[in-house]
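Colleague: I'm new to reading protein models, so could we go through one together? I'll ask, and you show me how you get to each answer.

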Amino acid sequence: MLIGEYRPNIDAKGRFNFPAKLREELGESFFITRGMDNCLFVYSGEEYEALARRIQALPLTKAKGLQRFFFSGAAEVTCDAQGRLVVPPLLREHAGLQREIVVIGASTRAEIWDREAWERQCGQLTDEAVELAMEELGF
């Protein structure tokens with residue numbers, strides 16, 4: 001399970017130190033694609049293949065938008081010997097990644113956020129919304 005919040009900085013070439021704990025879970029190479037809410041989703045090879053199978057199982061009329069969104073900008077990546085990852089320019093643009101970023105574990109995927117966007121997203125999550133979700137889960 002991918003968990004935690006990390007706050008690396010990304011350089012002008014799109015490189016940053018990808019958290020070691022997440023690298024261990026994701027494997028030697030993994031996939032980055034556009035995510036919802038203007039972040040990037042990061043999947044292990046196994047999870048990415050499962051996502052692809054689920055999307056491909058849908059009728060084309062329902063799947064074409066998802067296929068375009070998730071696959072057109074996707075990239076298979078590996079970290080270098082120092083643990084640095086390079087985010088392709090198209091994906092950096094999608095997420096508006098500047099110098100300060102946040103990488104989070106989100107169960108079966110990781111997410112990469114521009115730090116200001118992450119803070120805005122967190123600010124929208126109210127105590128009441130969390131309580132309602134927990135209630136629906138039987139807590």
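Colleague: Let's start with Leu91: does this residue count as buried or exposed?

Modeller: First, keep in mind that this is a predicted model. To count as buried, a residue has to be under 20% relative accessible area. Leu91 has 0% relative accessibility, so the word for Leu91 is buried.

Colleague: Okay, and which residues is Leu91 in contact with, if we skip its neighbours within four places in sequence?

Modeller: Leu91 is found in helix H4, residues 89-95. Contact here means heavy atoms within 4.5 Å. Leaving the sequence neighbours aside, the partners of Leu91 are Ile32, Thr33, Arg34, Leu40, Gly73 and Ala75.

Colleague: Now the other case, Met1: is that one buried or exposed?

Modeller: Met1 is found in the segment before strand E1. Leaving out residues up to four places away in sequence, Met1 touches Glu25 and Ser107. The cut-off for exposed is over 50%. Met1 has a relative accessible area of 69%, so Met1 is exposed.

Colleague: Let's zoom out. In what order do the elements of the protein run from the N terminus on?

Modeller: The protein has six helices and eight strands. Reading from the N terminus, with β for a strand and α for a helix, the order is β-β-α-β-β-α-α-β-β-α-β-β-α-α.

Colleague: What radius of gyration does the protein have, and how does that fit with the globule rule?

Modeller: For 139 residues, the globule rule gives 14 Å. The value for this protein is close to that, so the protein is as compact as a globular protein of that length. Along the principal axes, its C-alpha atoms fill a box of roughly 45 × 40 × 25 Å. The radius of gyration itself is 16 Å.

Colleague: What share of the residues in the protein is buried?

Modeller: We can look at the outside first: the accessible surface comes to about 8,600 Å², and 50% of that belongs to carbon and sulfur atoms. As for the 139 residues, the buried share is 39%.

Colleague: How many residues of strand E4 are buried?

Modeller: Let's take E4 one side at a time. On one side, Leu40, Val42 and Ser44 are buried, and on the other Phe41 and Tyr43 are buried too, so both faces are covered. That makes E4 mostly covered, and the count is five of its five residues.

Colleague: Which strand pairs with E4 over five bridges?

Modeller: E4 has partners to check. Strand E8, residues 109-114, runs antiparallel to E4 but is joined to E4 by three bridges, with Glu111 as the bridge partner of Phe41. On the other pairing, Ile32 stands opposite Val42 in E4. The antiparallel pairing over five bridges is with strand E3.

Colleague: In the hairpin of E3 and E4, which residue takes a positive phi?

Modeller: That hairpin has five residues between the strands. The residue with a positive phi, near 60°, is Asp37.

Colleague: What kind of aromatic pair do Phe41 and Phe70 form?

Modeller: Let's begin with another pair. Phe41 and Tyr43 have 90° between their planes and 6.1 Å centre to centre, and that pair is edge-to-face. For Phe41 and Phe70, the centres are 6.3 Å apart and the planes 25° apart; planes under 30 degrees apart get a different label. That label is stacked.

Colleague: How far apart in sequence are the parts that the pair of Phe41 and Phe70 ties together?

Modeller: Both of these residues, Phe41 and Phe70, are buried. Phe41 lies in strand E4 and Phe70 in helix H3, so the pair ties together parts that are 29 residues apart.

Colleague: Which residue has its charged end over the ring of Phe41?

Modeller: Phe41 also belongs to one aromatic cluster with Phe31, Tyr43, Tyr48, Phe69, Phe70 and Phe71. The charged end over its ring sits 4.3 Å from the ring centre, and the residue is Arg109.

Colleague: Last one: how many residues of helix H6 are buried?

Modeller: Helix H6 covers residues 127-136, and just after H6, Gly138 takes a positive phi of about 90°. The helix is hardly covered, and among its 10 residues the buried count is zero.

Notes:
Residues are numbered from 1 along each chain as its sequence is written. This is a predicted model: local features need pLDDT of at least 70, side-chain atom pairs count only at pLDDT 80 or more; totals for chains, interfaces and linings use all residues. Side-chain values use heavy atoms; hydrogens and water are left out. Rings of Phe, Tyr and Trp (its six-membered ring) pair if their centres lie within 6.5 Å; planes under 30 degrees apart count as stacked, over 60 as edge-to-face and the rest as tilted. Helices (H or I, at least four residues) and strands (E, at least two) are DSSP runs, numbered from the N terminus. Buried means under 20% relative accessible area, exposed over 50%, partly exposed in between (1.4 Å probe, protein chains only). A charge sits over a ring if NZ of Lys or CZ of Arg is within 6 Å of the ring centre and within 35 degrees of the ring normal. The radius of gyration is taken over C-alpha atoms; the globule rule is 2.2 Å times the number of residues to the power 0.38. Accessible areas come from the Shrake-Rupley method with a 1.4 Å probe; for residues, only the protein chains shown count as cover. Two strands pair if DSSP finds at least two bridges between them.
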